[in-house]
Amino acid sequence: MTVKFRPRPARPTATARPDPRVKALMTWFSRHRRPLPWRRHPTPYRIWVAEVLLQQTRVAQAAPYFERFVRRFPNVSALARASEEQVLKAWEGAGYYARARHLHQAARQIQRERAGELPHQSGELRQLPGVGPYIAAAVASLAFHEPIVALDANGFRVLARWTLERRDLHRAAAQNRLRRWAMDRLPARRSAEFNEGLMELGETICLPLRPECTRCPVAGQCRARQELPDPGALPTRRPPRAKPQVVAAVVAVNRGGRWLVLRRPSTGLLGGLWEFPGGKVAPRERPVAAAARELREETGLTTGMLEELGVVRHEYSHFRVALHLFRTRSARGRVRVRGRRHRWVGFAELRRLPLPRATLKMLPPLERAGKRDRASRDSGSRRGRTGA
Ligand code: ADE
C-alpha cells in the first residue's frame with residue numbers, strides 16, 4: 001500500500017485530561033495491541049526503522065522485512081558501518097529503495113554527530129535524510145513520548161469517519177482539521193498509545209472498505225456510524241487511476257558461465273540495485289528486436305542469437321510491467337557502459353547483490369534453462385558414446 005499523506009505534525013497543545021472517548025480508544029489498544037515485531041524491545045532505532053518501512057508497506061508485509069533488517073543491523077552504529085550495497089541487499093524486496101538509502105545516510109549522520117543516539121524531538125528528527133513530518137512525529141511520540149499527533153493514512157481514515165469529514169483527505173484543509181481535532185484530544189503524557197491506537201484501529205477494525213463497527217471501541221461516538229448507511233463510504237475517494245502497462249525486454253548475457261549485470265543509478269526508481277540490460281519495447285517493435293537494440297545501446301554488445309525464456313510480470317505502485325526475458329551466449333564485443341558500473345557474476349554472486357523483485361523473478365527461468373542445457377548436453381554425449 002502506498003501511504004500518500006505527508007501530514008505536518010500539529011502544534012503541541014495536548015490536553016492533560018483525556019477525553020473519555022479517547023480513553024475508550026486507549027483502553028481498547030492496551031488490551032488488543034498486536035505483538036508486532038517492532039513492539040518487542042522497542043528501542044528508538046527499531047521504532048524508526050519500523051516507521052520508515054510502514055510508511056509505504058502494510059504491516060503483514062513489513063514484518064518479515066523488519067525482522068531481517070534489524071537482525072542484520074541491530075542498531076545505529078551497525079547500520080552506519082555497513083556499505084550501501086549491504087543495506088540495499090537487506091532491504092531487497094521491500095521496495096521504495098530510497099527509504100533504505102536515506103536510512104543509511106541518516107544512521108551515518110547520527111553516528112558521526114551524536115555518537116549513535118537518535119534525536120528526541122520531532123523538529124530535530126526532521127533534519128535527517130528521509131525523515132518527513134509523519135515519521136518525525138511517530139518516532140518522537142512512540143520512542144520519546146513527545147506530545148505530538150502522528151497520523152498516517154489509517155489514522156486519517158479513522159478520524160474522517162469519527163468526525164464525519166466528507167472532504168477528500170488529500171486536501172490540506174481536511175487534513176488540518178483532523179489534525180487539530182486530534183491535537184485537542186491528545187493526552188499529553190500518552191501520545192504513544194493515542195497515535196498507535198488510532199493506527200491499530202485503522203488496521204484491524206476501521207478497515208478501508210468494510211469497517212467492522214460492531215467490534216469498534218468508539219462506535220458509540222463515531223459520526224459516520226451514527227449518520228451514514230455505510231460508514232465505509234468515508235473517506236471520500238478519488239476514482240482509482242488505471243495503472244499503465246509497460247512492455248520491456250531484458251537480456252541475460254552469459255559468457256563463460258557468468259552473467260552481465262548493470263548497476264542502476266543511485267537515485268530514482270530502484271536506485272543502486274543491479275539488473276540485466278534491457279528497456280522498454282517501442283510501439284510496434286518486436287520484443288526480440290527491442291532486446292537486441294537495448295543491449296546494443298546500453299552495453300555496446302551485439303548478438304544475433306536471442307532465446308526467449310518467457311514473460312515475467314511485475315507490479316509497481318504506479319505501473320505494471322511485462323518483461324520479455326531473453327538469454328544469449330553469443331554476444332559480441334567489449335562492454336561499454338556510460339556512467340554505470342557493470343559486473344560479470346555467477347549465480348551465487350548474483351544472489352548476493354541487491355536485485356529488484358522483477359530481476360529475482362527471472363532467476364528461476366534462467367536456472368531452469370541452464371538445467372535443460374546440461375541435460376541435453378549429457379544425453380547428447382551419452383548418445384554420442386553409444387553411437388561410437
Ligand atoms: N503503522 C505505522 N506505524 C505503525 C505502528 N507503530 N504499529 C502498527 N502499525 C503502524
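A polar contact is a pair of N or O atoms within 3.5 Å; within protein, one atom must be able to donate a hydrogen and the other to accept it, and residues adjacent in sequence count only if both atoms are side-chain atoms.

## Ligand surroundings

By this criterion, a nitrogen atom of the ligand lies 2.8 Å from an N or O atom in the side chain of E203. The side chain of E196 likewise places an N or O atom 3.1 Å from a ligand nitrogen, and a polar side-chain atom of E51 is 2.9 Å from a nitrogen atom of the ligand.

These three glutamates belong to a surrounding set that also comprises L36, W38, R39, L54, V59, Y134, L142, D152 and M199. A residue is counted as near the ligand if one of its heavy atoms lies within 4 Å of it.

## Basis of the model

The structure is a predicted model, in which local features need pLDDT of at least 70 and side-chain atom pairs count only at pLDDT 80 or more, while totals for chains, interfaces and linings use all residues. Residues are numbered from 1 along each chain as its sequence is written, and side-chain values use heavy atoms, with hydrogens and water left out.

## Domain arrangement

The chain is assigned domain 1 (20-233) and domain 2 (245-387), with bounds taken from an automatic or database domain assignment. Their centres, taken over C-alpha atoms, are 39 Å apart. To the contact (heavy atoms within 4.5 Å), domain 1 contributes 10 residues and domain 2 contributes 18 residues.

The two domains bury about 1000 Å² between them, 45% of it on carbon and sulfur atoms; buried area is the accessible area (1.4 Å probe) that two parts lose on being put together, summed over both. On the side of domain 1, the most area is lost to domain 2 by E85, K89 and Y97, which together account for 45% of what that side buries.

## Polar links across the interface

Three salt bridges are found between domain 1 and domain 2, each defined as a side-chain nitrogen of Lys or Arg within 4 Å of a carboxyl oxygen of Asp or Glu. R263 and E84 form a salt bridge through their side chains (3.0 Å, N to O). The interface also holds 10 residue pairs in polar contact, both residues at pLDDT 80 or more. Helix α5 (residues 84-91) gives the most to the domain 1 side, with four residues; helices are DSSP runs (H or I, at least four residues) and strands likewise (E, at least two), numbered from the N terminus.

## Salt bridges in the whole structure

The whole structure contains 31 salt bridges. One pairs the side chains of R238 and D168 (3.2 Å, N to O). This pair joins distant parts of the chain, 70 residues apart: R238 is in the loop between α12 (223-227) and β1 (245-255), and D168 in the loop between α9 (153-162) and α10 (172-185).
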